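Trainee: I have a structure open and would like to talk it through with you. Could we take it question by question?

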Amino acid sequence: MKLFDKTRQLIEEIEVFYDTVSEAALVCKTGIEYFLDREPLRLSERVQQMNDLENQADSLRRSIEHKLYSRMLIPDVRGDVLSLLEASDNVIDWAKKLLTALDIEQPQIPDALIKSFRELTGASYNAMDEMVRATRSYFYETEMVNDHINKVYFYEHEADKLEDQIKRKAFRGEEFTELSRRVQMRYFAERLANLSDQAEAVANRLAIAAIKRSI
Amino acid sequence: MITVLFFLSSGLFLGWSLGANDAANVFGTAVGTKMVRFRTAALVCSVFVILGAVVAGHGAAHTLGRLGSVNALGGAFTAAFAAAVSVLAMTRLKLPVSTSQAIIGAIVGWNIFAGKPTDLSVLSKIVGTWVLCPILAGVFAMGLFTVSERLVRKSRVHLFMLDAWTRLGLLLAGAFGAFSLGANNIANVMGVFVPVTPFPDLTVNGYVLLSDVELLFLVGGLAIACGVYTYSRRVMETVGSDLFRLSPVTALIVVISSGLVLFIFASQGLEQALHSLGLPAFPLVPVSSSQAVVGAVLGIGMVKGIHNIRYIVLCRICLGWVVTPVAAGLVCWVLLFFMQNVFMQIVAK
């Protein structure tokens, strides 16, 4: 039937969209790791890859939004799904901005902060990854949403702690003498932790949307 | 022919108002939740209401005939007119009203006026079904809701696929509901005209295509369809959100439950099947589709938690059981008096 064919096509697009978000999170993580390993060329490759993923996610989101409205699908939860898509797309945008800023500014991270930055990257990546899992669960089995959301909250909290730790080290440690470099460390720590905040924003929307989805 | 049409006009008006209001009970939740377009709903509803009326409308009409066989066209006109006026007046006064209950009151009013006895066993059976109707719809809805909830959870069906299946389900259940509405409620519209039907059998080459009563029901069905197309849109668009905020799946459950209730109180086939199994059959009586919908919604409310029940709605239904037939009976009696003594029409033989 035509209705079911079109629905399957839309489901496929949503799946591809979240594959893109998931891949973008992974590209962001590996890009930052290359940067911390002082491999700027490989970071640039990741930036390029991230640009492509961001464009792909944008066009997929627009196509899904158009179809949802033009075919009057899921009228009761359409607003929730659209806001989830937009919030998920924001995560990619922020990840792209972070990688681009790293590629342009190439800040020098002192050895004392490398470990903390790696841990912060891991926490933010885990938050994004759990966010994608939670969103996929929303479409298939709402009772699993909370399990993943709780993990997002956990990693976001971890990321906040690591962000604080980096800031304290940057401003109180002996690694830097110039204020500008301390501020630059703070800026990147905030940007990196912001990825988990964006994942948390999606999780917050999901928590409400999942309650509304119960029949 | 003009005289016939004039006398039928009260029934046709009743049919039109049934189409405008009660069709919304069948497709209102689907259109209100924006799952089915009004144009699609109106088309499916009209076709299946007419089919239900012509194919399966005899059972409930027969029970009305046993309650009181209105034996003059003038009397039938007045009874239907009294029911229509009562429905209109009570709707204006924002009182709970049901066409089924109004027509029963009008027939009893005619019986009293004409000095005919009212079969109390039939009357008690009919009143019993009014109480049973919302309860049964509630029980069906509770069962269907519990099963659907488990099914949706276990099947891990994608949100969009669930939406597609629900749309299809709403359309099919709506068609079934419309068929049941036509079968059950055509008795309200044309039941009083059955003993005095002005139509001959419709024959082609000696083969009876439609009997006189079927032709009468077809005309009534067309009046209902007219009501659906001309006036039900606004009612449909508000019914989904007025009573209770329904999700598309719960809307589907409400439509199926109310359709089932209308069907079991109209289906001669089901009655015969239950009899052949030695089981007690449901009486074939016109019931209120509005009360079936309210019963179904309350049933879902009970499964979701007792605090969701609006007791005021229950009180209004109980009030309607008493007020509607009494008001229609009184109006009918007064109108028959005028018809006979002022307009010099034969209202009873």
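What follows is a short conversation about the contacts, helices and salt bridges of this predicted model.

Trainee: Let's begin where the chains meet. How many residues of chain A are in contact with chain B?

Mentor: Good place to begin, and remember that the model is predicted. The area buried between chain A and chain B is about 2,300 Å², and carbon and sulfur atoms give 72% of that area. On the chain B side, 25 residues take part in the contact. On the chain A side, the number is 23.

Trainee: Which residue of chain A meets B:Arg156 in a salt bridge?

Mentor: The count of salt bridges between chain A and chain B is one. The N to O distance for B:Arg156 and its partner is 3.1 Å. That partner is A:Glu141.

Trainee: Now B:Asp163, please. Is it buried or exposed?

Mentor: B:Asp163 lies in helix 8 of chain B, which covers residues 159–190. Leaving out residues up to four places away in sequence, B:Asp163 touches A:Leu73, A:Ile74 and A:Pro75 from chain A, along with B:Met35. The relative accessibility of B:Asp163 is 6%, and the cut-off for burial is under 20%, so B:Asp163 is buried.

Trainee: Which residues have the most contacts inside the largest nonpolar core?

Mentor: As background, nonpolar side chains tend to be buried together in soluble globular proteins. Here the largest nonpolar core has 178 residues. Those with the most contacts inside that core are A:Phe117, A:Tyr138 and B:Phe160.

Trainee: Let's stay with A:Tyr138. Which residue of chain B does it touch?

Mentor: Setting aside residues up to four places away in sequence, A:Tyr138 has partners in chain A that include A:Val77, A:Asp80, A:Leu84, A:Leu206 and A:Arg213. The list of contacts also holds a residue from chain B. That residue is B:Leu159.

Trainee: How many residues of helix 4 of chain A are buried?

Mentor: Helix 4 of chain A runs over residues 111–140 and has 30 residues. From its first C-alpha to its last, helix 4 reaches 44 Å, close to the 44 Å expected at 1.5 Å a residue. Helix 4 of chain A is mostly covered, and its number of buried residues is 21.

Trainee: Which residue of helix 4 of chain A pairs with A:Glu15?

Mentor: The side chain of A:Glu15 meets its partner in a salt bridge, at 3.0 Å from N to O. The pair links distant parts of the chain, with A:Glu15 in helix 1 and its partner in helix 4, 121 residues apart. A:Glu15 is partly exposed at a relative accessible area of 22%, and its partner is partly exposed at 24%. The partner is A:Arg136.

Trainee: What separates A:Arg8 and A:Asp5 along helix 1 of chain A?

Mentor: A:Arg8 and A:Asp5 form a salt bridge, with the closest N and O atoms 3.4 Å apart. A:Arg8 is partly exposed at 46% relative accessibility, and A:Asp5 is partly exposed with a relative accessible area of 46%. Because the two are three residues apart in helix 1, their separation is about one helical turn.

Trainee: A:Arg61 forms a salt bridge with A:Asp58. Which residues are linked with them in a network?

Mentor: The closest N and O atoms of A:Arg61 and A:Asp58 are 3.9 Å apart. Both lie in helix 2 of chain A, three residues apart. A:Arg61 is buried at 14% relative accessibility, and A:Asp58 is buried at 13%. The residues linked with them in the network of salt bridges are A:Glu65 and A:Asp89.

Trainee: How many disulfides are there over all chains?

Mentor: Cysteines are present: A:Cys28 is buried at 1% relative accessibility, and B:Cys332 is buried with a relative accessible area of 0%. A search of the whole structure gives a disulfide count of zero.

Trainee: Last one, on B:Thr129. What distance separates its C-alpha atom from that of B:Val285?

Mentor: B:Thr129 sits in helix 7 of chain B and is buried at 2% relative accessibility. B:Thr129 touches B:Phe265, B:Pro283, B:Val285 and B:Val287, leaving out residues up to four places away in sequence. B:Thr129 and B:Val285 are 156 residues apart along the chain, and their C-alpha atoms are separated by 7.3 Å.

Technical notes
Residues numbered from 1 in each chain as written. Chains lettered and ligands numbered in written order. Predicted model: local features only at pLDDT ≥ 70, side-chain atom pairs only at ≥ 80, totals over all residues. Heavy atoms only, no water. Helix = DSSP H or I, 4+ residues; strand = E, 2+ residues; numbered from the N terminus. Buried < 20%, exposed > 50% of the residue type's maximum accessible area, 1.4 Å probe, protein only. Contact = heavy atoms within 4.5 Å. Core = buried A, V, L, I, M, F, W, Y, C linked by side-chain atoms within 4.5 Å. Expected span 1.5 Å × (residues − 1). Disulfide = S-S within 2.5 Å. Buried area = accessible area lost by both parts, 1.4 Å probe. Salt bridge = Lys/Arg side-chain N within 4 Å of Asp/Glu carboxyl O.
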